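I opened this entry to look up the salt bridges. My plan is to take the pairs one by one and check the burial of each partner.

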Amino acid sequence: QDERLEHAREHPELIGETQRMRQTIETPDLVVRSTSDPEVALYYRFQAESPIGPKQLCVVVKSEGADPFLVTSDLTDRIEKGTVIWRRT
């Protein structure tokens, strides 16, 4: 898992954003199932302030059995298509 966290930190805009990534997984605004891999979920949480302006923080998590792991994370303007698993109301 540490290796995946290091991969996500390769995005310069995400350096120092570990707490926001954790918050996105724990209390997302939206969770979408990946269209390319049913074991992958994309967790989104809007960030009014980020190093590159207002963006959606997307944290990608793969669940293989009982051992989910972080695939990557990114700041984006676009929500990926897929089945909505959960949405904050």
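I fix the burial terms before starting: buried means under 20% relative accessible area, exposed means over 50%, and partly exposed lies in between. I note that the model is predicted. I count 6 salt bridges in it.

Entry one: Arg20 and Glu17. I find their side chains in a salt bridge, at 3.2 Å from N to O. Is each partner buried or partly exposed? Arg20 has a relative accessible area of 27%, so I log Arg20 as partly exposed. Glu17 is at 14%, so Glu17 goes down as buried.

Entry two: Arg88 and Asp29. I see a salt bridge here, with the closest N and O atoms 3.0 Å apart. Which parts of the chain does this pair link? Arg88 sits in the segment after β5 (83–87). Asp29 sits in the loop between α2 (18–26) and β1 (30–33). The two are 59 residues apart, and I record them as linking distant parts of the chain. Arg88 is partly exposed, with a relative accessible area of 40%. Asp29 is also partly exposed, at 23%.

Entry three: Lys62 and Asp37. I read 2.5 Å from N to O for this salt bridge between side chains. Lys62 lies in strand β3 (residues 55–64), and Asp37 lies in the loop between β1 and β2 (40–47), so the pair ties together parts 25 residues apart in sequence. I log both Lys62 and Asp37 as buried. Which residues are joined into one network by salt bridges that share partners? I list Asp37, Glu39 and Lys62.

Definitions and conventions: Residues numbered from 1 in each chain as written. Predicted model: local features only at pLDDT ≥ 70, side-chain atom pairs only at ≥ 80, totals over all residues. Heavy atoms only, no water. Salt bridge = Lys/Arg side-chain N within 4 Å of Asp/Glu carboxyl O. Buried < 20%, exposed > 50% of the residue type's maximum accessible area, 1.4 Å probe, protein only. Helix = DSSP H or I, 4+ residues; strand = E, 2+ residues; numbered from the N terminus.
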